[in-house]
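I opened this notebook to record what I looked up about the ligand and the pockets. My entries follow the order in which I checked things.

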Amino acid sequence: MSEERTRELRERLGAVKERISRAAAAAARDPADVRLVVVTKYFPVDDVRRLLGLGVKDIAENKDQEASAKVAELSTEERAGLRLHFVGQLQSNKAAHVATYADVVHSVDRPKIVRALARGADRARCAGRGLPVFLQVDLDGSDAGRGGVLPGEPLAALVDAVRAEPTLELRGVMAVAPRGADPAAAFARLQELAQQVREAVPSADQISAGMSGDLEQAIAAGATHIRVGSAILGTRPSH
Ligand SMILES: *Cc1c(COP(=O)(O)O)cnc(C)c1O
């Protein structure tokens, strides 16, 4: 594996951790309450290995085929050392498969997906507690095709659907800031929705928000998981 690439990832990872620390300090939060999830989509499995070597524990992917292929290439030991987060739009015919290998799913936005994940989820693999899931909300409201429950659609129905499945465990809400809008305003709205969900399920107190360009605003708005790709791995290779 190229030493130079490892050095580059180490530097960029350090810079992102520095941003997290500064943003947490500015928001009077403990940086340990913000989990950095590194999005490795489109990058080779060797980058995943480098990140593991640099102490990264949380890796995210957004496509079933790519994610499952990467997982299959890892050794048992490498696999045991990481938590795989699935953050991509889910199709109901793929969701059950995703639930067989993902450790966390951030992109649950329809009851049909809830049922498919529940079918595939293996409680034994998740230490008897069910597969942790986040409900993705669409803060844009324009249904731009990036997934998520639209504003006005009942989030409560989706909360109930997850609660009805013993193989799933509701953790909180997830969103991507709308393009071209103020991320701070969008994440403030997400924080309100998170509060609604927490009222129904007190243990579902987590917020997955913030990417390379807006992690500071997300941390200011209470994000517990930030999903960072390009700031660490570089510009994604074209697909
Ligand atoms: C790709 C992706 C990210 C990472 O985006 P960057 O801007 O590269 O940090 C975060 N969340 C989701 C859902 C993604 O698909």
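The entries below go from the ligand to the pockets.

Entry one. I noted at the start that this is a predicted model. I then looked up where the ligand is placed, and found that the ligand sits in the largest pocket.

Entry two. I listed the residues around the ligand, which are V39, K41, V87, M174, M211, S212, R227, V228, G229, S230 and R236. Sorted by class, this shell holds 5 nonpolar, 3 polar and 3 charged residues.

Entry three. I looked for polar atoms beside the ligand's oxygen atoms, and found an N or O atom in the side chain of S212 at 2.5 Å from one oxygen atom and a polar side-chain atom of K41 at 2.6 Å from an oxygen atom. For S230, a backbone N or O atom lies 2.8 Å from an oxygen atom of the ligand. On its own the ligand has 390 Å² of accessible area, and the protein covers 88% of that.

Entry four. I turned to the largest pocket, which holds about 710 Å³ of space. Its lining is made up of 31 residues, with K41, N62, V87, G88 and Q89 nearest the centre. The elements giving two or more residues to this lining are α3 (64-73) and α5 (92-101). By class, the lining of the largest pocket has 12 nonpolar, 10 polar and 9 charged residues.

Entry five. I also checked the second largest pocket, whose volume is about 280 Å³. It is lined by 15 residues, and R83, D103, V104, P132 and R171 are the closest to its centre. Both β5 (131-136) and β6 (168-174) supply at least two residues of this lining, which divides into 5 nonpolar, 3 polar and 7 charged residues.

Definitions and conventions: Residues numbered from 1 in each chain as written. Predicted model: local features only at pLDDT ≥ 70, side-chain atom pairs only at ≥ 80, totals over all residues. Heavy atoms only, no water. Near = heavy atom within 4 Å. Polar contact = N/O pair within 3.5 Å; in protein donor to acceptor, adjacent residues only side chain to side chain. Areas by Shrake-Rupley, 256 points an atom, 1.4 Å probe, with all protein chains shown as cover. 1 Å grid on protein atoms, 1.4 Å probe; cavity = no way out; pocket = protein on both sides within 12 Å on 5 of 7 lines; lining within 4 Å. Sits in = over half its atoms within 2 Å of the grid points. Nonpolar A, V, L, I, M, F, W, Y, C, P; charged D, E, K, R; others polar. Points joined across faces, edges and corners; volume = space filled by probe spheres on them. Helix = DSSP H or I, 4+ residues; strand = E, 2+ residues; numbered from the N terminus.
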